[in-house]
Amino acid sequence: MFDELKALFGELTGGTKHPARFGPDDMRVAAAALMVHVATLDGDLTPPERAKLHALLKTRFKLEDKATEELIDAAVAADHEAVDFYRFTSLLMRIMDEEQRRRIVAMMWEMAFADGNISEFEDNVMWRVADLLGVSNRDRIELRREIADSRKDDRET
């Protein structure tokens with residue numbers, strides 16, 4: 001609330017607007033935009049998919065609920081503006097090590113499985129993004145199997 005009042009007074013007195021929390025070169029936006037893209041290949045981001053995305057991002061990036069929602073909004077906007085995956089994957093390749101990029105691919109698989117099944121479009125996007133992130137085919141397939149198995153285990157308990 002205090003930050004909002006500061007921003008309002010700054011605008012009224014000719015100061016600058018409060019800077020966006022998540023800029024266009026923020027690796028969290030890049031990672032989240034890739035997850036949004038996978039989740040929305042078969043339509044809009046459904047409430048269960050958004051809840052899954054919220055949980056993944058909040059945990060992975062250690063964010064509060066409000067910041068997580070801001071990140072999701074920034075990611076949706078970035079995904080709509082993007083013409084390809086390179087904008088996101090090149091940023092992640094510069095900033096993240098191999099294990100961190102594998103974790104992004106795993107999170108993308110979690111989003112792809114959020115609706116219960118994987119379409120050939122989702123599988124194709126996962127292949128292309130994993131390749132751009134330098135994640136091997138073997139690792140991509142192994143991550144898919146791990147996520148599918150964990151979902152199966154969750155349903156059985």
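The following legends describe close-up views of helices 2, 3, 4, 6 and 7 in a predicted model. Local features are given only at pLDDT of at least 70 and side-chain atom pairs only at pLDDT 80 or more, while totals for chains, interfaces and linings use all residues. Residues are numbered from 1 along each chain as its sequence is written, and side-chain values use heavy atoms, with hydrogens and water left out.

**View 1. Helix 4 (residues 65-81) and its buried face.** Helices here are DSSP runs of H or I of at least four residues, numbered from the N terminus. The 17 residues of helix 4 should span 24 Å at 1.5 Å a residue, and the end C-alpha atoms are 24 Å apart, which agrees; the expected span is 1.5 Å times one less than the number of residues. Buried residues (under 20% relative accessible area, with exposed over 50% and partly exposed in between; 1.4 Å probe, protein chains only) of helix 4 are A67, T68, L71, I72, A75, A78 and D79. Seen down the axis of helix 4, these buried residues fall within an arc of 140 degrees, so they line one face; the arc is that of the directions from the helix axis to the C-beta atoms. The face turned away from the buried side carries the exposed residues K66, H80 and E81. Among the elements covering the buried residues are helix 2 (27-39), helix 3 (47-61) and helix 5 (86-95), where contact means heavy atoms within 4.5 Å.

**View 2. The packing of helix 2 with helix 7 (residues 120-132).** The two helices pack at an angle of about 155 degrees, with their axes 9 Å apart. Helix 2 is therefore roughly antiparallel to helix 7, a term for angles over 145 degrees. Axes are lines fitted to C-alpha atoms, for helices over the stretch in contact, and angles run from 0 to 180 degrees between N-to-C directions. L34, H37 and V38 of helix 2 meet E122, V125, M126 and V129 of helix 7.

**View 3. Helix 3 and the residue that follows.** Helix 3 has 15 residues and reaches 21 Å from its first C-alpha to its last, close to the 21 Å expected at 1.5 Å a residue. Its buried residues, E49, L53, H54, L56, L57 and F61, pack against helix 2, helix 4 and helix 6 (98-112). K62 follows helix 3 with a positive phi, near 55 degrees.

**View 4. The surroundings of M111 in helix 6.** M111 counts as buried, at 0% relative accessibility. Not counting residues up to four places away in sequence, M111 touches M35, V38, A39, E49, K52, L53 and L56.

Definitions and conventions. Parallel < 35°, antiparallel > 145°, perpendicular 65-115°, else oblique.
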